[in-house]
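Me: I am in my first year and would like to look closely at one part of a protein chain. Could you take me slowly through a single helix and the helices that pack against it?

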Amino acid sequence: MKRADASRWTVVASGRSTARATTTVGVFAALACLVLTGCTADTDAAHRTSPAARVKAATADEDLTFAQELRIADAEQRLIKQCLNRQGFTYWEAERPSLEESRTLGYVADDVAWARKHGYGSRIAAKEDRARLTNPNLVYRKGLSKERRKAYDDALDGGIEAPEITAELPNGATIRRQMGGCVAKAEKRLYGDPVVWFRANKIASNLQPLYVPQVMRDKKFVAALRVWSTCMARAGHPYKDPGAARQAAKERALRSTSDKTFAAERRLAVADATCARTASLAAIGKERETHYVNALRGRYGQALDTSRRIEREAYVRAAGIVGPRT
C-alpha cells in the first residue's frame with residue numbers, strides 16, 4: 001500500500017508549493033503510515049543490494065521502499081534543475097540528507113538502534129526547518145526583477161496560467177492542481193501521463209480515512225496495543241499508544257532543545273521501539289492494514305494497481321538519473 005504523502009509537497013524556488021499534497025488531516029495524517037514498516041528507510045537492504053538489483057526489485061509486484069521513493073524525488077529535483085538551467089535560470093536541488101536522516105516514522109516505530117541515536121527525530125526535523133528557511137531558490141527568486149521573476153515562475157511551474165488537473169478523492173472531495181513548466185516536464189519524464197498518475201496516486205494515497213479506523217478497532221491490533229502499553233508502563237512511561245508517547249516528546253522538544261530534553265526523548269523512543277517489538281505491533285498492524293486495504297480493492301483496486309505500476313516505472317527511470325542516498 002502506498003503510504004500517504006501527508007506533508008510531501010515539492011518545495012520550489014517560487015515559494016509556491018506544488019505536487020503531492022493530500023487532504024489527509026488530523027488523526028489520519030498522524031496514522032497515515034500506521035506501522036507500517038514500509039514508512040521507514042530500508043537502510044540495510046539499500047546497502048546490501050547493488051543498483052542493478054534495486055532497479056530489478058522495482059519491477060516486482062510490491063511497493064517501493066522509502067529509499068526508492070527518495071530516489072524518485074531526487075531525480076525530479078535533478079530534472080527541474082536541468083530544465084531551468086537550459087532556460088537561463090539557476091536552480092539549487094533540495095538538500096539530500098543521508099538515508100538514515102531521511103527516514104519517516106510511521107505510527108509504530110520499532111527500530112531500537114535508530115531511536116537510541118535520534119529519538120523521534122526532533123533534531124532532524126529542526127535541521128530540515130532551518131534548511132527550508134534558508135532555501136537558496138527563494139533568495140534567488142527574490143533577487144530577480146519583476147519581469148524576470150515572472151519568466152522564472154512560468155518556466156518553473158507554468159505560473160498562474162498553468163493548466164489545471166483534478167482528481168476525485170475517496171471521500172468525495174476534489175483536489176485540484178495547476179501543472180506546467182519544468183515541474184510538469186520532470187513529472188512527465190518520470191511518471192508518463194501526468195493526469196493518469198495524479199488521479200491514481202491521489203486515490204491510493206487517500207484511502208486512510210476508509211481503513212485506519214477499522215485497523216484501530218481491530219481486535220488483534222487492540223490486543224497488541226494493550227501489550228505495548230503494559231510494557232511501556234513497566235518501563236515507567238504510562239502512555240496508551242505510540243501516538244501519545246510521541247506527542248509528549250514533541251511537546252517537550254518544543255519547550256526546550258537542551259541536551260537533557262533530547263536525552264529524555266531518546267529514552268522514551270527506545271522504550272517505545274522496544275515495546276513495539278515485544279508486542280509485534282508493526283507486524284500485526286501491517287497484516288491488519290493489508291486485510292482492510294484488500295477489502296477496498298473491489299472499488300479502488302484499479303487505482304492502487306495503476307499507482308503502484310507507475311511508481312515502479314518511475315523508479316527505474318529515476319535510477320538512470322541519480323544515484324541512491326547513502
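Reply: What follows is a walk around helix H13 and its packing partners, with a short look at a few other places in the chain.

Please keep in mind from the start that this is a predicted model. The chain has 326 residues, of which 48% count as buried, and its secondary structure comes to 17 helices and four strands. Among contacts between residues at least 6 apart in sequence, 75% join residues at least 24 apart, and H13 gives a good setting in which to see such pairings.

We can begin with the partner that comes just before H13 in the chain. Helix H12 covers residues 208-217, and its axis lies 5 Å from that of H13, with an angle of about 60° between the two. An angle of this kind falls between the ranges for roughly parallel and roughly perpendicular, so H12 and H13 are described as oblique to each other. On the H12 side the residues in contact are Val215, Met216 and Arg217, and they meet Lys219, Phe221, Val222 and Leu225 in H13.

The next partner is H16, which spans residues 281-294, while H13 itself spans residues 219-234; their axes come within 9 Å and cross at roughly 165°. Because of that angle, H13 is roughly antiparallel to H16. The crossing of these two helices is left-handed. Here Lys220, Phe221, Ala224, Leu225 and Trp228 in H13 meet a set of residues in H16 made up of Leu281, Ile284, Gly285, Glu287 and Arg288. If you compare the contact lists, you will find Phe221 and Leu225 of H13 named with H12 and named again with H16.

The third partner is H15, whose axis also comes within 9 Å of that of H13, with a crossing at roughly 140°. For this angle the pair is oblique, because roughly antiparallel requires an angle over 145 degrees. The crossing of H13 and H15 is right-handed, whereas that of H13 and H16 is left-handed. In this contact, Trp228, Cys231 and Met232 of H13 meet Leu268, Ala271, Asp272, Cys275, Ala276 and Thr278 of H15. Trp228 therefore deserves a second look on the model, since this residue of H13 takes part in the contacts with H15 and also in those with H16.

Two loop residues help to complete the picture. Ala235 is found in the loop between H13 and helix H14, and a relative accessible area of 45% makes Ala235 partly exposed. Although Ala235 and Ala271 are 36 residues apart in sequence, their C-alpha atoms are 7.0 Å apart in space, and Ala271 is one of the H15 residues that meet H13. The other loop residue is Ser280, which sits between H15 and H16 and is partly exposed at 38% relative accessible area. Most residues other than glycine have a negative phi. Ser280, which is not a glycine, has a positive phi of about 55°.

Elsewhere in the chain, helix H4 makes a useful comparison. With 21 residues, at 1.5 Å a residue, H4 should span 30 Å, and its end C-alpha atoms are 31 Å apart, which agrees. Since 15 of those 21 residues are buried, H4 is largely enclosed by the rest of the structure.

Definitions and conventions
Residues are numbered from 1 along each chain as its sequence is written. This is a predicted model: local features need pLDDT of at least 70, side-chain atom pairs count only at pLDDT 80 or more; totals for chains, interfaces and linings use all residues. Side-chain values use heavy atoms; hydrogens and water are left out. The expected span of a helix is 1.5 Å times one less than its number of residues. Buried means under 20% relative accessible area, exposed over 50%, partly exposed in between (1.4 Å probe, protein chains only). Contact means heavy atoms within 4.5 Å. Axes are lines fitted to C-alpha atoms, for helices over the stretch in contact, and angles run from 0 to 180 degrees between N-to-C directions. Angles under 35 degrees count as roughly parallel, over 145 as roughly antiparallel, 65 to 115 as roughly perpendicular and the rest as oblique. A crossing is left-handed if the near helix is turned anticlockwise from the far one by less than a right angle, and right-handed if clockwise.
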